[in-house]
Amino acid sequence: MAKTKNIDMTKGPILKELVLFALPLLLGNAFQQLYNTVDSVIVGQFVGPESLAAVTSTAVIINTLVGLFVGFSTGSSVIISQFFGAKKEDMLQKSIHTALSATFIMGIVFMILGYFITPPLITLMKTDVSVIEPATTYLRIYFLGIMGLMFYNMTSAVLRAVGDSVRPLIFLIVTSLLNIILDLLFVIKFEMGVAGVAYATIISQFVSALMGILVLSHTSENYGISFAKMHIDKGILAKIFAVGLPAGLQMAVISFSNIFVQSYINSFGAASTAGWGCYGRIDAFVILPLQSISLANTTFTGQNAGSKNPDRIKKGIRVSLLLAIVVTLIICTAEYIEAPAIIKLFTKDEAVMKYGTIFIRCNCMFDFLCCFNQIHAGVLRGIGDATAPMFIMIFSFVLFRQLYLFIITKFIHSIYPISLSFPMGWMMCSVLMLIYFKLSHWEKKVL
């Protein structure tokens, strides 16, 4: 492939480079979200509210395990982008082969672990009895095919680290369309229910993983892979874990804590569970621009840290933050207005629609708070400081949020304060992250 696919972010107009990098990333993430959203829409419209609750409520369990690996892929991306920016081709090769080799081992572990922890976690969430069986079926099939998701994420992380966010987008467009076709086939034609959407998802994810591997193994660029070179370099792996493990633990712990949030939601019945799940699917789309901008800025920071240019990183922070806030506010305003119509896409059940609308409107106008903590955390990870963001986010999204829920539910038995637990955590995290960022003297770590 031509080198024009790769963006060198150490020079040129910052806004243009961030947007050019983030747009394919945004579209790619949007198509990735289609996996779960299409599953939910088809199950909600053609199977029933209990199956919809089963598919949507399991996201917190999936994210608990997958979050660990996403952190690892983030760490890999940071290390790879730094070696790419520093033009150290030998270290670049070692880091890529180490990351892919470790992915295979982690995939086997997660497949086995996910299968066996499914029943106790579903029980821990106080899941309504009508939802337990379909939720267990969906999750166990999903985890048996988790290797495909992991290899897609890792191959895409490699490509994005060297400035190529276009081909991961192509992978997702193809496989998202495949997922839709398989969903319709398995659920409507073969009447396989939640098992059908689970099989459709894992088959599509394996196809996307295969496409990523084929691209990396057939390119002549310096980031190409050779199966004969697959091994784990302990030094490189330590560097990846130094950046990725804190991020992974942060995501996993936060996701696990959301199991307890889910238990509060589930206590209001299956309709509340389904409504919360619908909100989660929609919110995953709403925050995509922010996540894409943050990831673009992490790569931007990693490359400029490699070239020792703190002034350019500072400019990137200002541009990224302003862009993220403006885009998020525009999207959330539209989401607030159209909340009932959005939930109706998933189901026509009146109870589910009522809860879903409440959850959207109680949360969406606070999404802009995430811009501050995500952008600053992304910059810190880009320069290799992942530990502080981990502790700040765990405190804000786990300890503080659980304390809030514990106290508020002692005095008020209502769904409204429970649904506001997320914004409370976002606000706390943004304040603490900004304070740390100002006091960290991060520029010294770049020079």
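**Notebook: aromatic rings and charges**

I started with burial in this predicted model: Y138 is buried, and Y142 is buried as well. Next I looked up where the two sit. Y138 and Y142 are both part of helix 5, residues 129–144. They are four residues apart there, about one turn of the helix.

I then counted the aromatic pairs and got 13, taking rings whose centres lie within 6.5 Å. Y138 and Y142 make one such pair, with 6.2 Å centre to centre and 35 degrees between the planes. I entered this pair as tilted, because the angle is neither under 30 degrees, which would be stacked, nor over 60, which would be edge-to-face.

The next entry is W276 with Y279. I noted 5.3 Å centre to centre and 50 degrees between the planes, again a tilted pair. How far apart are W276 and Y279 in helix 10? They are three residues apart in that helix (residues 270–286), so about one helical turn separates them. Buried or exposed? I found W276 and Y279 both buried.

I followed these two rings further. W276 and Y279 belong to one aromatic cluster, together with Y355, F359, F422 and W426.

Last, I looked up charges over rings. Which residue has its charged end over the ring of Y115? It is R140, at 4.2 Å from the ring centre. R140 also falls within the residue range of helix 5, 129–144. For Y336, I noted R361 over the face of the ring, 5.1 Å from the ring centre.

Terms used: Residues are numbered from 1 along each chain as its sequence is written. This is a predicted model: local features need pLDDT of at least 70, side-chain atom pairs count only at pLDDT 80 or more; totals for chains, interfaces and linings use all residues. Side-chain values use heavy atoms; hydrogens and water are left out. Rings of Phe, Tyr and Trp (its six-membered ring) pair if their centres lie within 6.5 Å; planes under 30 degrees apart count as stacked, over 60 as edge-to-face and the rest as tilted. Helices (H or I, at least four residues) and strands (E, at least two) are DSSP runs, numbered from the N terminus. Buried means under 20% relative accessible area, exposed over 50%, partly exposed in between (1.4 Å probe, protein chains only). A charge sits over a ring if NZ of Lys or CZ of Arg is within 6 Å of the ring centre and within 35 degrees of the ring normal.
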